[in-house]
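User: Could you walk me through this fold, one question at a time? I would like the cut-offs along the way.

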Amino acid sequence: MMRISSLMLALAMLLAACAAPIAPRIGADGKPIPQIYRITQADTAQIQFRMLDSVNALRRAANIPPVQLNAELTAAAATHSRDMSVQNRPWHFGSDGSSPLDRVTRVGYQGQLLGENISETYETELETLAAWMEMPDTRAVILDPDARQMGLSWFQEPAGKIWWTLILGT
């Protein structure tokens, strides 16, 4: 009896493995409904370096110098990402009226601010970078030939929405 049960279980598992993959759910716009991209504290360095490598690959393709991560710009990005969540809107001004220039000055950044890209999304960092590269103004920030420093951070709400901030400076 035990042998038959084991055989039936193995057969059921084999049949389940042969089943077609589950198709993504489609939204009213005809596009797949996004899956939540969960970020843990342990993912921080991996995400930052994956974004840095991707930004530098795009810059290399455009024949412009690479950037490096900067802790001060990353701190300013983290502050703004959390603040956008509090305000529940993606825009470049803080709830205290601060501008990107104010935020990088507050963290002690000595270089020149060149630009800030922001996003409100459920997408990964690479999907967000791809979306930024599709828009002329955000692409210009990423490919600014004067940039040498980059800060990247995000804030993820419990429901999964991610507020991304990318800052470039000299």
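User: Happy to start with the sheet: which residue in β4 does Gln149 stand opposite?

Analyst: Good place to begin, and a note first: this is a predicted model, where local features need pLDDT of at least 70, side-chain atom pairs count only at pLDDT 80 or more, and totals for chains, interfaces and linings use all residues. Residues are numbered from 1 along each chain as its sequence is written, and side-chain values use heavy atoms, leaving out hydrogens and water. Strands (E, at least two residues) and helices (H or I, at least four) are DSSP runs numbered from the N terminus, and two strands pair if DSSP finds at least two bridges between them. Eight bridges join the antiparallel β3 and β4, and in β4 the residue opposite Gln149 is Gly169.

User: What is the order of the strands in the open sheet?

Analyst: The edge strands, each pairing on one side only, are β1 (68–69) and β2 (113–121). β1 runs parallel to β3, joined by two bridges, while β2 runs antiparallel to β4, joined by eight bridges. The pairing is therefore mixed, and the four strands have the order β1-β3-β4-β2.

User: How many of the residues of β3 are buried?

Analyst: Buried means under 20% relative accessible area, exposed over 50%, and partly exposed in between, using a 1.4 Å probe and protein chains only. On one side of β3, Gln149, Gly151, Ser153 and Phe155 are buried, and on the other Met150, Leu152, Trp154 and Gln156 are too. The count for β3 is eight of eight.

User: Which residues have the most contacts inside the largest nonpolar core?

Analyst: A nonpolar core is a set of buried Ala, Val, Leu, Ile, Met, Phe, Trp, Tyr and Cys residues joined through side-chain atoms within 4.5 Å. The largest one has 18 residues, and elements supplying at least two residues each include α2 (44–61), α5 (125–134) and β3 (149–156). Those with the most contacts inside this core are Met150 and Leu152.

User: What angle does the direction of α5 make with that of β2?

Analyst: Axes are lines fitted to C-alpha atoms, for helices over the stretch in contact, and angles run from 0 to 180 degrees between N-to-C directions. Contact here means heavy atoms within 4.5 Å. α5 packs on the sheet and touches β2 and β4, and its direction makes an angle with that of β2 of about 120°.

User: Trp132 is found in helix α5; is Trp132 buried or exposed?

Analyst: Not counting residues up to four places away in sequence, Trp132 touches a set of residues including Met51, Asn117, Trp164 and Leu166. The C-alpha atoms of Trp132 and Asn117 are separated by 7.6 Å, though they are 15 residues apart along the chain. With a relative accessible area of 4%, Trp132 is buried.

User: What kind of aromatic pair do Trp154 and Trp164 form?

Analyst: Rings of Phe, Tyr and Trp (its six-membered ring) pair if their centres lie within 6.5 Å; planes under 30 degrees apart count as stacked, over 60 as edge-to-face and the rest as tilted. This pair links Trp154 in strand β3 with Trp164 in strand β4, ten residues apart. The centres of Trp154 and Trp164 are 5.3 Å apart, and with 55° between the planes the pair is tilted.
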